[in-house]
Amino acid sequence: MLGVVQMIEMVRLLTDNGIEVWIDGGWGVDALLGRQTREHEDLDIAIEHRHVPKLRTLFEERGYRDVPRDDTRDCNFVLGDDQGRILDIHTFTFDEDGNNIFGCEYPLDSLTGSGTLRGYDLKCISAEWAVKFHSGYELKRKDYDDVRGLCDHFGIALPAEYLKFVSDGDS
């Protein structure tokens, strides 16, 4: 598992070296909510693709190596170390008009979220887009918990595909 201190250290390493980072996934949800809601196996981040060589150097110097996965691409790869810390990297490139022209399909307005964990300000995927991104795959209870937390906190309607998780106690 990846603790909040380790997560912040990873983000700080990148930002201190000039790499703008947006937190995605479960830690992004927690940042938006301002508190850790569950344990996390990894840290999902979004960065501009041009920063990949620098990111790789920074983490490889600290013992991180590629973690092979079926969905590995130039714009989506995972690095891990011997202590079990895992960084799931999603990259993108926008043109001068703000159009995504390469990589993971982050709309420009999805990169507008902000949150805080342990007093550390974090850029993250916006709440609306975090809810949208939690769809189109086999949903787990943790996905429902994340989405329900965002919907409740930000006044977003719970997507229909999550209604199967709603029980008498959840409504």
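**Strands 1, 2 and 5**

Select strand 1 (residues 22–24) together with strand 2: in this predicted model, the two pair in the antiparallel sense over three bridges. To see one of the pairings, display Asp 24 in strand 1 and its bridge partner in strand 2, Asp 44.

Next, extend the selection to strand 5 (residues 86–94). Strand 2 and strand 5 run parallel and are joined by six bridges. Glu 48 can be used as a landmark here, since it stands opposite Phe 92 in strand 5.

With both neighbours displayed, colour strand 2 (residues 43–48) by accessibility. Five of its six residues are buried, so the strand is largely enclosed by the rest of the structure.

Remain on strand 5 and select Asp 88, which is found there. Is this acidic residue buried or exposed? Asp 88 counts as buried, at 5% relative accessibility. Setting aside neighbours within four places in sequence, its contacts include Asp 42, Leu 43, Asp 44 and Ile 45, as well as Arg 69, Asn 76, Phe 77 and Val 78.

**The nonpolar core**

Now display the largest nonpolar core, which has 51 residues. The members that touch the most others are Met 7, Ile 23, Leu 43, Ile 45, Leu 55 and Phe 59. Helix 1 (residues 4–16) supplies the largest share of this core, with seven residues.

Centre the view on Ile 23 and show its surroundings. Beyond residues up to four places away in sequence, Ile 23 touches Val 11, Gly 28, Leu 43, Asp 44 and Ile 45, and also Leu 122, Lys 123, Cys 124 and Ile 125.

**Salt bridges**

The model contains 11 salt bridges; three of them are visited here. Side chains of opposite charge can pair when their charged atoms come close.

Begin with Arg 56 and Glu 60, whose side chains meet at 3.7 Å, N to O. Both residues lie in helix 3 (residues 52–60), four residues apart, or about one turn of the helix. An α-helix has 3.6 residues a turn, so residues three or four places apart point the same way. Arg 56 is partly exposed, with a relative accessible area of 21%, and Glu 60 is partly exposed at 33%. Adding Asp 66 to the selection completes a network of salt bridges linking Arg 56, Glu 60 and Asp 66.

Then move to Arg 69 and Asp 71, where the closest N and O atoms of the salt bridge are 2.9 Å apart. Arg 69 is partly exposed, with a relative accessible area of 32%; Asp 71 is also partly exposed, at 36%.

The third stop is the pair Asp 81 and Arg 85, which meet in a salt bridge at 2.6 Å, N to O. Both of these residues are buried.

**Cysteines**

How many disulfides does the model contain? The count is zero. Select Cys 104 and Cys 75: the sulfur of Cys 75 is the nearest cysteine sulfur to that of Cys 104, at 4.1 Å, and Cys 104 is in no disulfide. Cys 104 is buried, with a relative accessible area of 9%.

For Cys 124, the closest cysteine sulfur belongs to Cys 151 and is 15 Å away, too far for a bond. Cys 124 counts as buried, at 0% relative accessibility.

**The hairpin of strands 7 and 8**

Select strand 7 (residues 113–117) and strand 8 (residues 120–124), which pair in the antiparallel sense over five bridges. Ser 114 has Lys 123 in strand 8 as its bridge partner. The two strands form a hairpin with two residues between them, and Arg 118 in the turn has a positive phi of about 50 degrees.

Show the side chains of strand 7 and compare its faces. Gly 113, Gly 115 and Leu 117 make up the covered face, whereas Ser 114 and Thr 116 make up the uncovered one. In a regular strand the side chains alternate between the two faces of the sheet.

**Helix 5**

Finish on helix 5 (residues 141–154), which has 14 residues. From its first C-alpha to its last, helix 5 reaches 20 Å, close to the 20 Å expected at 1.5 Å a residue. Highlight its buried residues: Asp 143, Tyr 144, Asp 146, Val 147, Arg 148, Leu 150 and Cys 151. Adding helix 2 (25–33) and helix 4 (127–133) to the view shows what the buried residues of helix 5 pack against. The last selection is Gly 155, which follows helix 5 and has a positive phi, near 70 degrees.

Key:
Residues numbered from 1 in each chain as written. Predicted model: local features only at pLDDT ≥ 70, side-chain atom pairs only at ≥ 80, totals over all residues. Heavy atoms only, no water. Core = buried A, V, L, I, M, F, W, Y, C linked by side-chain atoms within 4.5 Å. Buried < 20%, exposed > 50% of the residue type's maximum accessible area, 1.4 Å probe, protein only. Contact = heavy atoms within 4.5 Å. Pairing = 2+ DSSP bridges. Salt bridge = Lys/Arg side-chain N within 4 Å of Asp/Glu carboxyl O. Disulfide = S-S within 2.5 Å. Expected span 1.5 Å × (residues − 1).
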